[in-house]
Structure formats: structure tokens, C-alpha cells
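Hello,

Below is the structure I said I would pass on. My notes follow it; please read them alongside the coordinates.

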Amino acid sequence: MDLTVLGCATPYPRPGQPCSGYLVSESDTHLVLDCGSGTFAALQTHLAPGQVTALWISHLHPDHSADLLAWSNWALNTQNAPRIPVYGPPGWARRLDQMLTDDSALVDGIFEVHELRDHHTVAHGPLTLTARVVEHSVPGFGVRVESPTARLAYSGDTEPCPALVDLARDVDLFVCEAGTASPSRFHTTREQAVHTAIAAGAKQLLLTHLASALDPDALTTAPGLATTVAEPGWQWSSGQRG
Ligand SMILES: [Zn+2]
């Protein structure tokens, strides 16, 4: 299993710094976790959009979902575009329809629409995706991705919660947001991310979506836990742990 960071900026993109998006690949299966502003362009430095086999959206804040508009315009303007499955929070397709058009069925025509719920599990190629409700200011989900070769978890946006520990249990890579500099509702600090990773037995932690007040070079570490700060283009392969 491979993961590529498409972007991790919050709460809006900057030059060369798209918002949240992660490409997870295993053989010919290519899953995009979140498509925040700027990620659709970043994706194309790695893959053609038509090679992506599914999108998974944690919540509907623009820094995690705004490029659904770019994906839609690509699908609407590409002959024989595949009808890509999209997994997202309840109501995501209706919200996107309202942004795109008065046609309330447009999104159903260009994407395979799926709505997440707590413990939602789906097999996608060699990957099994399990969603859990997490604690954010809008309905939000984290995800665990398992394959025969590896396990990873992605927090979405959330404050620390038991579901996050469940998602990250014994994973090879835990991609966890650190969207707040000090403990607060709806986001996680770097220290809390490390604490969650240790509680879950994660082997490696990727701190992402760092609050702008945080110095990305002032890394929070813990003995026995490989910890890295995300940046666009950062890549991980389950064959190269640590
Ligand atoms: Zn958010």
C-alpha cells in the first residue's frame, strides 16, 4: 500500500500548498481520501483523474471537500468519464448539486453516490474501508483502510475520541490532523495525536493539517513512535516502514 500527500493546508490553500487530500494506492486501486481546495490539480502530477477508482470524503468543510466541484467539472467535460464511487457524509450529493446546477440529479449521473454512517464498511478492490463517526463541528468521519499488505487510518478533522483510537488500532500509518495549537473542541493538538497513536499501538504517525500557529519544524516525538510532519508530495509505502 502506498500513500501520497496531495495537500495538507488549513483552512485555505496557498501557493504550492493544497488543502487536505491523500492518494492511497494498492496495485490498480487508487483511492483519494478528501479533496480539499487545490488537490485536484495536485493529483494530476501523480495520476490521471480517470485512474482514480474512488473518493472518500471525511466532512464537508471546504478544505476537505471543495474540489468535488473540480471533479464534477472534469466528469462533465470528459468523454466516457468513469462514474467514480464517492463515499461522503449524508447529504453530500445534494449539497454539490446545489453548487453545480438546479438539476437535482446531476451528481447522481456523474458519480456513484454513497453516504457514510458509523461503522460503514465497504470492500473496494483489495482495500477494506471502515468509517467511524468522529467529533467535529459538522458531521465527520475518520477511516481505516486495510489491505492484505498494510493498514492505515486517517482522522479527518476531530478532537480526540475513542473512535479515533479504534480506527488507528495497530495500523502501520496513522494520518492524524493537528489542527489546533492548544486543546480545544473539534480539533487535535500534536501532543494529543501522539497520545492517540501510542494508545492505539500505531507504528508510524503522520501529523497533518497543522494549525498555522504551529512550527512544522518543532516536531513532537515519543520514544518508539516514528513521527513525521506532512507536506505535499510526501510518500509512504508499506514496504518501507519507519
Ligand atoms: Zn473541518
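**Zinc site**

Four protein atoms act as donors to the zinc ion, at 2.2 to 2.4 Å: His59 (NE2), His61 (ND1), His136 (NE2) and Asp157 (OD). Donors here are N, O and S atoms within 2.8 Å of the metal (3.2 Å for Na, K and Ca), and since water is not among the atoms, sites may look incomplete.

On provenance: this is a predicted model, in which local features need pLDDT of at least 70 and side-chain atom pairs count only at pLDDT 80 or more, while totals for chains, interfaces and linings use all residues. Residues are numbered from 1 along each chain as its sequence is written, and side-chain values use heavy atoms, with hydrogens and water left out.

The angles subtended by the four donor atoms run from 89 to 169 degrees, which makes the arrangement around the zinc ion irregular. (Four donors are tetrahedral if all angles lie between 85 and 135 degrees; four are square planar and six octahedral if opposite donors are over 155 degrees apart and all others between 65 and 115; anything else is irregular.) The donor residues follow the spacing H-x1-H-x74-H-x20-D in sequence. Histidine 61 sits in the loop between strand E4 (54-56) and helix H2 (62-65), and histidine 136 in the loop between strand E8 (127-134) and strand E9 (140-146), so the pair ties together parts 75 residues apart in sequence. Helices (H or I, at least four residues) and strands (E, at least two) are DSSP runs, numbered from the N terminus.

Histidine 136 is buried at 10% relative accessible area, whereas histidine 61, at 23%, is partly exposed. Buried means under 20% relative accessible area, exposed over 50%, and partly exposed in between (1.4 Å probe, protein chains only).

**Helices H4 and H7**

In H4 (residues 92-100) the buried residues are Trp92, Ala93, Leu96 and Asp97. They span an arc of only 135 degrees around the axis, which puts them on the same side of H4; the arc is taken from the directions from the helix axis to the C-beta atoms. Arg94 and Gln98 are exposed on the face turned away from that side.

H7 (residues 190-200) has Arg190, Ala193, Val194, Thr196, Ala197 and Ala200 buried. These fall within an arc of 160 degrees, so they line one face of the helix. They pack against helix H6 (162-167), strand E11 (173-177) and strand E12 (204-208), with contact meaning heavy atoms within 4.5 Å. Glycine 201, just after H7, has a positive phi of about 75 degrees.

Regards
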